[in-house]
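Here is a short walk through one protein structure. Take a look at the model first, then follow the text from place to place.

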Amino acid sequence: MSGIGIPASYSLNKFRNTNGPLIDIRSPKEFNQGHLPGAKNIPLFNNEERALIGTTYKKKGKQKAINLGLEITTAKLKDLVEKLLQEKVTEENSFLRIYCWRGGLRSSSLGWLANILNLNPILLSGGYKNYRKWTLNQFEKEWPLRLLGGKTGTGKTSLLLELAKRGISIIDLEGIAMHKGSSFGGIGLPPQPSSEQFENFLAEALDNSKKFPSKGIWVEAESPNLGKCRIPNPIIRQMKKAPLLEVIRTKEERITRLVDEYSPHKNEDLKNATLRISKRLGPQRTKKALESIHKGNWREACLAMLDYYDKCYEYELEKVIRKSSIDLSGLSNKHSAEKLIQLGHVY
């Protein structure tokens, strides 16, 4: 496939299932808004250059914009060559996969350069725009969702991850969003992806679930918003209709889990998270929580807020029609997962 000329364009399905480095050549701004998971950004134009080319196209026409693009690209040709040569195209990863927004001039240009360098490039037909169409289509499909519910501190995410180790299909919504949903949900976690990128991750996770032998896809019962990321409406509608299994643990177990999880973090972050829900906590509980955090009395801090979170959970649980429960008090995550499997809850 190497040589001189524009590389072949692959359909999205073939492109996604072909091995090799994945290169997004759009501007950093476009890339940060959303990209194919696993892609590396080697931009043909930076944000300012792309904006200038766009303005030139509108005011002076297509040919003037192309000429400007060629002028900008020529000046950075050496740097582009060096970056492309850093990508390892091996016998196992036999293609350099390149895409832009529409699968047009940008990807064709860099594909041509990669061809000269004998990197076996292929292009994505329709570009990232085609991928986004695929992403949104995933949410319109019917998925066999099963919800794992439970009050704050019951360890639902940890249990999901234990189930995944045993070949059960799960989607870790909080892990994808880098947020646990509550006011405290972002503490200690990396920056969240954009809402668009969250959707891309979720679409890939749904598609990947087809590889698992389990019939259901287990997800944690969540509100629509996980920090700045929002679960797509079609998936929320499916979650509302899905059966829910409620995990029950003692209050002391829950407090212990929460203390272990949050006490290592900065007091200032915990106080700010408390203040964000102060109107819902009320003045007395807010004061008690803040004082307890200041003193390092983590158990009392948890108690001051658990009543609020428990009432919120109970209110949402009343809306669920198909629900059952299982008491996992005293069991580790490992033994909890094994119990769910033994009792036939996850198949």
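**A pocket, a cavity and a few residues**

Start with the second largest pocket: α3 (47-60), α4 (62-75), α5 (77-85) and α6 each supply at least two residues of its lining. The model is a predicted one. Among the elements that line this pocket, α3 gives the most, with eight residues. The pocket has a volume of about 1100 Å³. Its lining counts 33 residues, and F45, I53, A65, L105 and R106 are the closest to its centre. What classes of residue make up the lining of the second largest pocket? There are 17 nonpolar residues, 10 polar ones and six charged ones.

Now step back to the whole protein. It has 17 helices and 12 strands. Its C-alpha atoms fill a box of roughly 70 × 45 × 35 Å, taken along the principal axes. The chain holds 347 residues, and 46% of them count as buried. Take the contacts with a separation of 6 or more. Residues 24 or more positions apart account for 74% of these contacts.

The protein is divided into two parts. Domain 1 covers 9-135, and domain 2 covers 141-343. The contact takes 11 residues from domain 1 and nine residues from domain 2. The centres of the two domains, taken over C-alpha atoms, are separated by 38 Å.

Next, find N200. It sits in helix α10 (residues 195-208). Is N200 buried or exposed? Its relative accessibility is 0%, and buried means under 20%, so N200 counts as buried. What does the side chain of N200 reach? A polar atom of this side chain lies 3.1 Å from the backbone oxygen of H35. The side chain of N200 also makes a polar contact with the side chain of T135, at 3.3 Å. Now leave aside the neighbours of N200 within four places in sequence. N200 is then in contact with G34, H35, P37, Y128, Y131, R132 and T135. H35 and T135 thus appear in this list of contacts. T135 is also the end of the range given for domain 1, while N200 falls within the range of domain 2.

Helix α10 leads on to a cavity. How many cavities of 30 Å³ or more are there? The count comes to one. The largest cavity has a volume of about 50 Å³. Its lining is made by L145, I171, L173, L202, L206, V219, I235 and M239. Two elements, α10 and α11 (233-241), give two or more residues to this lining. By class, the lining of the largest cavity has eight nonpolar residues, no polar ones and no charged ones.

Move now to the loop between α6 (105-116) and β5 (121-124), where N118 is placed. N118 has a positive phi, near 60 degrees, and is a residue other than glycine. Because its relative accessible area is 55%, N118 is exposed. N120 lies in the loop between α6 and β5 as well. N120 is not a glycine either, yet it has a positive phi of about 50 degrees. Is N120 exposed or partly exposed? With a relative accessible area of 24%, N120 is partly exposed. The side chain of N120 reaches the backbone oxygen of S94 at 3.3 Å. N120 and I231 are 111 residues apart along the chain, and 37 Å separate their C-alpha atoms.

The last stop is V259, found in helix α12 (residues 251-262). Which residues does V259 touch, not counting residues up to four places away in sequence? They are P264, W298, R299 and C302. P232 is 27 residues from V259 along the chain, and the C-alpha atoms of P232 and V259 are separated by 32 Å.

To go over the route again, set the two linings side by side. The lining of the second largest pocket includes polar and charged residues. The lining of the largest cavity has nonpolar residues and no others by class. Helix α10 ties two of the stops together: N200 has its place there, and α10 is one of the elements that give two or more residues to the lining of the largest cavity.

Notes
Residues are numbered from 1 along each chain as its sequence is written. This is a predicted model: local features need pLDDT of at least 70, side-chain atom pairs count only at pLDDT 80 or more; totals for chains, interfaces and linings use all residues. Side-chain values use heavy atoms; hydrogens and water are left out. Helices (H or I, at least four residues) and strands (E, at least two) are DSSP runs, numbered from the N terminus. Buried means under 20% relative accessible area, exposed over 50%, partly exposed in between (1.4 Å probe, protein chains only). A polar contact is a pair of N or O atoms within 3.5 Å; within protein, one must be able to donate a hydrogen and the other to accept it, and residues adjacent in sequence count only if both atoms are side-chain atoms. Contact means heavy atoms within 4.5 Å. On a 1 Å grid over the protein atoms alone, a cavity is a set of points where a 1.4 Å probe fits but cannot get out, and a pocket is an open set with protein on both sides within 12 Å along at least five of seven lines; lining residues have an atom within 4 Å of a point. Grid points are joined across faces, edges and corners, and a volume is the space filled by probe spheres set on the points. Ala, Val, Leu, Ile, Met, Phe, Trp, Tyr, Cys and Pro count as nonpolar, Asp, Glu, Lys and Arg as charged, and the others, Gly among them, as polar. Domain bounds come from an automatic or database domain assignment.
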